[in-house]
Amino acid sequence: MNQPPAALTVERRDDRHRYEILVDGERAGLTAFRDRGEQRVFYHTKIFDAFAGRGLAGQLVQQALTDVRAQGKRIVPVCPYVAKYLQKHDEFSDITDPVTPDVQRWLEGELA
């Protein structure tokens with residue numbers, strides 16, 4: 001018997017500085033950020049092992065970046081996964097800022 005497709009939702013959790021992807025209501029992964037003025041600095045993306053191999057990271061990041069655009073913010077891809085995603089999806093290039101040593105120092109201070 002075929003299983004019905006899983007219900008996927010992405011939620012922005014400002015209280016936890018991250019977007020979470022849920023599969024049938026269960027948290028399957030996250031992409032973490034910190035806001036620096038108008039910039040949303042993404043620094044970590046993780047899909048939990050039980051949900052790996054389903055393309056969830058791409059869906060999570062795509063919805064997170066779409067939300068960043070809707071908020072009028074800019075993207076700074078410190079996270080290697082987000083940076084790789086942006087290389088393949090140039091529709092976000094107009095709102096992407098480079099990762100600079102200044103941003104990296106600031107982020108280290110935020111996460112310390």
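The following dialogue reads a predicted model feature by feature.

Me: Where should I begin, and which pattern does the chain follow along the sequence?

Reply: Begin with the secondary structure, which in this predicted model comes to 3 helices and 5 strands. Read along the sequence, these elements follow the pattern β-β-β-β-α-β-α-α. The radius of gyration of the chain is 14 Å, close to the 13 Å that the globule rule gives for 112 residues, so the chain is as compact as a globular protein of that length. The C-alpha trace spans about 55 × 30 × 25 Å along its principal axes.

Me: How much of the chain counts as buried?

Reply: A residue counts as buried when its relative accessible area is under 20%, and 37% of the 112 residues of this chain fall in that class. One case is Phe 42, which is found in strand S4 and is buried with a relative accessible area of 1%. The accessible surface of the chain comes to about 6,600 Å², and 48% of that surface belongs to carbon and sulfur atoms.

Me: Which residues of helix H2 are buried, and what do they pack against?

Reply: With a helix, it helps to look down the axis and ask where the buried residues point. In H2, which covers residues 80-88, the buried residues are Val 82, Tyr 85 and Leu 86. Seen down the axis of H2, these buried residues fall within an arc of 100°, so they line one face of the helix. Pro 80, Gln 87 and Lys 88 are exposed on the other side of H2. As for the partners of the buried residues, they pack against strand S3 (26-36), strand S4 (39-47), helix H1 (56-70) and strand S5 (74-77).

Me: How many salt bridges does the structure hold, and which parts does the pair of Asp 67 and Arg 12 tie together?

Reply: A salt bridge needs a side-chain nitrogen of Lys or Arg within 4 Å of a carboxyl oxygen of Asp or Glu, and the structure holds 12 salt bridges. In one of them the side chains of Asp 67 and Arg 12 meet, at 2.8 Å from N to O. Asp 67 lies in helix H1 and Arg 12 in strand S1 (residues 8-13), so this pair ties together parts that are 55 residues apart in sequence. Another salt bridge joins Arg 69 and Asp 94, with the closest N and O atoms 2.9 Å apart. This second pair also links distant parts of the chain, since Arg 69 is in helix H1 and Asp 94 is in the loop between H2 and helix H3 (101-111), 25 residues apart. Finally, salt bridges that share partners join Arg 12, Asp 14, Asp 35, Arg 40 and Asp 67 into one network.

Me: Where is Lys 73 placed, and is that residue buried or exposed?

Reply: The place of Lys 73 is in the loop between H1 and S5. For a charged residue, the step to take is to check both its burial and its partners. Lys 73 is buried yet has no salt bridge, and the nearest side chain of opposite charge, that of Asp 35, is 4.0 Å away. Leaving aside its neighbours within four places in sequence, Lys 73 is in contact with Asp 35, Gly 37, Glu 38, Arg 40, Val 68 and Ile 95.

How values were computed. Residues numbered from 1 in each chain as written. Predicted model: local features only at pLDDT ≥ 70, side-chain atom pairs only at ≥ 80, totals over all residues. Heavy atoms only, no water. Buried < 20%, exposed > 50% of the residue type's maximum accessible area, 1.4 Å probe, protein only. Helix = DSSP H or I, 4+ residues; strand = E, 2+ residues; numbered from the N terminus. Arc of directions from axis to C-beta. Contact = heavy atoms within 4.5 Å. Lys, Arg positive; Asp, Glu negative; His and termini not counted. Rg over C-alpha atoms; globule rule 2.2 N^0.38 Å. Areas by Shrake-Rupley, 256 points an atom, 1.4 Å probe, with all protein chains shown as cover.
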